[in-house]
Amino acid sequence: MFKKVCVIGAGVMGQGIAAHVANARIPVLLLDIVPPTLTDDDKKAGVDPKGKAFRNRFSQGGLDKALANKPALFFTKKDAALVEVGNLEDDLGRVAECDLVVEVVLEKMDVKQQLFERLEKVIKPGTIVTSNTSGLSIEGMTKGRSAAFTRNFAVTHFFNPVRYLPLLEIVAGTQTDPAVIARLTTFGERTLGKGVVRGKDTPNFVANRIGVFGIMETIRVMVEDQYTLEEVDAVFGPAIGRAKSAVFGTADVVGLDTFIHVAQNCWDNLKHDERHAVFETPAFMRKMVENKWLGRKTKAGFYKKEGDEILTLDWQKLEYRKKQKVRYDSLGAVRNLETTGEKLKAMFGADDRAAQLFWKVTAASLVYSARRLGEIADDVPSIDNAMKWGFMHELGPFESWDAIGVKASVERMKKDGTAVPEWVDKMLAAGRESFYSVDDKGKKSAWDPRANKAVVLDEGPRVQSFALLKADKGRVVKDAFGTTLVDLGDGVLACEFHTKMNAVDDEIINGLNDALDLCEAGKFQALVLANDAARFSVGANLLLMMLAAREKQWDTIEAMVKAFQQVNVRLKYSSVPTVAAPFDLTLGGGAEMVLWCNRVRAHAELYMGLVEVGVGLIPGGGGTVELLGRALEGAVDDATFPTEQMIRRSLECIAMAKVATSAEEARELMFLAATDGVTLNRRHLLAAAKAEALGMAAAGFTPPRRRTFRLPGRSAYATFDMALSTMRDGHFISDHDLKVAKKVAWVMSGGDTTPRVKLSEQHLLDLEREAFLSLIAEEKTQERMAYMLENNKPLRN
């Protein structure tokens with residue numbers, strides 16, 4: 001852990017690094033140069049060139065942009081208070097306060113060399129200095145520096161946006177102390193939540209070397225075989241486990257000038273590369289730069305938005321035209337497949353124009369990745385992880401190769417005249433037909449070409465996954481369609497969800513009840529709710545509910561809602577501690593399960609909210625009751641009568657369908673309690689949740705007392721009704737919005753009661769269930785549910 005970090009350079013990357021270090025609650029000193037001259041506007045305004053406002057303009061501007069950035073760079077704007085700004089003239093001496101300095105200045109060798117010369121004179125002994133360079137050599141950057149400086153120097157290459165892309169490439173120089181790399185790795189993984197890949201001091205390191213090759217090869221094939229941008233993006237997007245922005249959408253986000261700069265670095269410095277010609281920028285892309293068609297920042301790139309319409313660049317004519325739909329049998333077939341591996345294998349087996357594009361580019365990329373082993377990284381997982389964490393591919397190159405089938409694909413490559421690296425042939429000759437394997441004890445191994453054998457991967461006790469845990473059949477306590485109960489060891493049981501999108505249905509409810517039964521019978525001492533999916537839970541199974549409503553199966557719906565309420569209540573009042581480990585989308589019913597657990601260990605990237613009003617409903621699993629209890633905490637005794645103002649906060653969260661965009665924001669919205677913990681590294685979340693549960697059990701857990709409420713009833717409801725009706729009359733909400741919001745207000749006011757009456761939790765749960773049932777019977781609610789299922793966005797009717 002570093003006590004204070006200095007970030008030098010307040011541009012896009014510097015802003016992101018400073019914000020993310022502050023997200024980890026570490027003080028930051030953000031420095032940049034002093035503006036060279038006063039502008040004409042400065043002179044007219046009488047700006048003092050000696051004043052801090054002027055001299056810190058670049059660093060303060062960087063902080064201001066970080067605060068205004070969308071998506072947010074800070075978990076909560078409160079953390080921006082940890083960032084101090086300054087300049088390299090007045091405040092360079094303050095670098096001595098810091099034990100880590102991260103350089104993020106202009107990507108020019110001489111600029112960096114001059115800065116490091118100045119830094120060496122002011123840093124305290126033992127300070128680690130790193131560069132965020134995307135490809136300049138360590139030897140060149142540290143030329144002329146002392147042995148002490150070079151021992152404490154390394155590259156820490158973050159990916160933009162820093163908060164959201166997990167990859168951190170750490171590169172050592174020939175003189176770097178291994179202890180420095182170990183300390184930076186620990187800091188990156190545990191404190192910043194990064195996935196660390198150890199790269200080598202080669203141009204563009206690991207992810208950009210492989211990723212830029214893949215993109216440039218894709219463009220080469222597009223030009224050679226006359227594909228359109230739409231065809232390329234249809235193949236190399238979600239169809240094969242890549243980002244929705246695919247190739248050219250991503251290039252527009254990054255900026256064409258930035259992308260070409262990285263590719264040019266390969267062209268200039270990789271003369272020895274067997275595929276060197278691929279890195280040459282095509283003529284049409286150079287013309288785009290001349291035209292300033294750089295992407296989103298210039299409002300035109302490979303794609304251009306005009307009004308509500310997205311236009312596509314015809315790369316041959318260099319003219320924008322209407323976007324064309326892409327339809328191929330192979331793409332239609334993979335759409336219905338569940339896993340990325342299945343999709344890749346299906347594309348490999350197809351033979352239409354889209355599949356031909358897929359194979360031509362994929363084969364070249366796989367072979368290129370295999371040839372880079374030993375040059376840019378020492379092992380197969382490093383290259384795979386770099387592409388998953390830096391480019392957000394669901395599978396890395398070697399994982400993709402395994403999914404396609406190594407033996408069959410190598411045979412096809414050779415038939416096509418493509419030579420594969422010798423070490424791949426040796427692996428196949430040794431009888432090994434995959435780069436990875438998992439044994440029956442959950443031990444994962446990867447092929448190591450240096451040893452010519454498979455080696456067990458040991459990522460330490462903090463990295464756990466259900467995929468590996470369940471490979472050890474002795475750990476599987478019960479396996480059902482929607483859940484698996486897994487023994488985490490040390491007396492902790494996990495309930496893993498695996499319905500589609502982890503939507504809550506009878507399967508999850510039954511799984512939770514089974515898990516609680518086992519724990520309460522003394523088989524386990526704690527329960528963890530977790531899973532390995534991309535999303536924790538998107539809420540209730542909306543399709544199931546809608547179909548039941550259309551068939552007017554009210555008893556079935558009530559039984560389901562009641563069962564969900566009851567299992568959530570069990571989570572809170574069980575004799576064993578329950579810990580939820582939410583991450584990413586945790587919505588509706590998914591959020592309710594989390595709310596009712598005794599403790600939460602959340603991933604920092606948590607998008608949590610009670611969003612049922614968006615489909616014309618209110619929370620049905622006790623969400624209104626638990627959020628109300630949190631709003632009234634400390635005001636549920638006989639002496640305190642809650643007011644409308646106290647209730648309003650929780651009511652607004654639900655009625656406005658507020659969704660937190662981080663775990664810290666979830667705490668501000670009361671979705672997380674003050675005692676709940678946050679883990680920045682997603683891969684450490686399951687182990688952290690287990691540790692939380694074990695700690696609670698070891699401390700002698702006792703369940704909380706059942707709550708009673710004194711609520712204002714009709715008096716508060718009348719106030720809320722008037723405010724909501726005013727919003728309807730002002731056309732801010734529709735009639736049906738009003739009806740839904742009034743149901744929320746009725747439940748959270750306590751219904752037909754007065755403050756002198758004590759209400760049980762069960763009374764409020766009954767009110768919630770009645771309101772839910774009345775709304776799901778409404779035609780407009782059913783229209784909203786159907787629209788959400790079909791369009792994945794809310795209907796305002």
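Helices (H or I, at least four residues) and strands (E, at least two) are DSSP runs, numbered from the N terminus. The model is predicted, with local features needing pLDDT of at least 70 and side-chain atom pairs counting only at pLDDT 80 or more, while totals for chains, interfaces and linings use all residues. Residues are numbered from 1 along each chain as its sequence is written, and side-chain values use heavy atoms, leaving out hydrogens and water.

**Exercise 1. Which element gives the most to the lining of the second largest pocket?**

Step 1. Start with the term: on a 1 Å grid over the protein atoms alone, a pocket is an open set of points with protein on both sides within 12 Å along at least five of seven lines, and lining residues have an atom within 4 Å of a point. A cavity, needed later, is a set of points where a 1.4 Å probe fits but cannot get out.

Step 2. The second largest pocket has a volume of about 710 Å³. Here a volume is the space filled by probe spheres set on the points, with grid points joined across faces, edges and corners.

Step 3. There are 27 lining residues, and K572, E626, R630, E633 and R707 are the closest to the centre of this pocket.

Step 4. Two or more lining residues come from each of β21 (599-603), α26 (623-631) and α28 (663-668). The winner is α26, with 3 residues.

Step 5. Sort the lining by class: 10 residues are nonpolar, 5 polar and 12 charged. In this scheme Ala, Val, Leu, Ile, Met, Phe, Trp, Tyr, Cys and Pro count as nonpolar, Asp, Glu, Lys and Arg as charged, and the others, Gly among them, as polar.

**Exercise 2. Find the cavities and describe what lines each of them.**

Step 1. Rolling a probe the size of a water molecule over the atoms shows where empty space is left. A search of the whole structure finds 2 cavities of 30 Å³ or more.

Step 2. The largest cavity has a volume of about 70 Å³. Its lining includes V5, V21, T130 and F187. At least two lining residues come from each of β4, β6, β7 (167-172) and α8 (178-191). By class, this lining has 9 nonpolar, 2 polar and no charged residues.

Step 3. The second largest cavity has a volume of about 40 Å³. Among the residues lining it are R242, H393 and E394. Its lining has 3 nonpolar, 4 polar and 2 charged residues.

**Exercise 3. Is T202 buried or exposed?**

Step 1. Recall the cut-offs: buried means under 20% relative accessible area, exposed over 50%, and partly exposed in between, using a 1.4 Å probe and protein chains only.

Step 2. T202 sits in the loop between β8 (195-199) and α9 (207-225). Its relative accessibility is 14%, so T202 counts as buried.

Step 3. Beyond residues up to four places away in sequence, T202 touches R209, E375 and I376. Contact means heavy atoms within 4.5 Å.

Step 4. For practice, try N541, in the loop between β18 (526-530) and α23 (542-550). With a relative accessible area of 22%, N541 is partly exposed. Leaving aside neighbours within four places in sequence, N541 is in contact with A503, V504 and D505.

**Exercise 4. Describe how helices α1 and α16 are covered.**

Step 1. Helix α1 (residues 12-23) has 12 residues and reaches 16 Å from first C-alpha to last, close to the 16 Å expected at 1.5 Å a residue. The expected span is 1.5 Å times one less than the number of residues.

Step 2. In α1, 11 of the 12 residues are buried. These buried residues pack against elements including β1 (5-8), β2 (28-32) and α4 (57-68). R25 follows α1 and has a positive phi, near 65 degrees.

Step 3. Helix α16 (residues 353-372) has 20 residues and reaches 29 Å, close to the expected 28 Å. Because 16 of the 20 residues of α16 are buried, this helix is largely enclosed by the rest of the structure. Just after α16, G374 takes a positive phi of about 95 degrees.

**Exercise 5. How many residues does the largest nonpolar core have?**

Step 1. A nonpolar core is a set of buried Ala, Val, Leu, Ile, Met, Phe, Trp, Tyr and Cys residues joined through side-chain atoms within 4.5 Å.

Step 2. The largest one has 99 residues, and L512 is one of those with the most contacts inside it. A second, separate core of 85 residues includes L311, A403, V406 and Y436.
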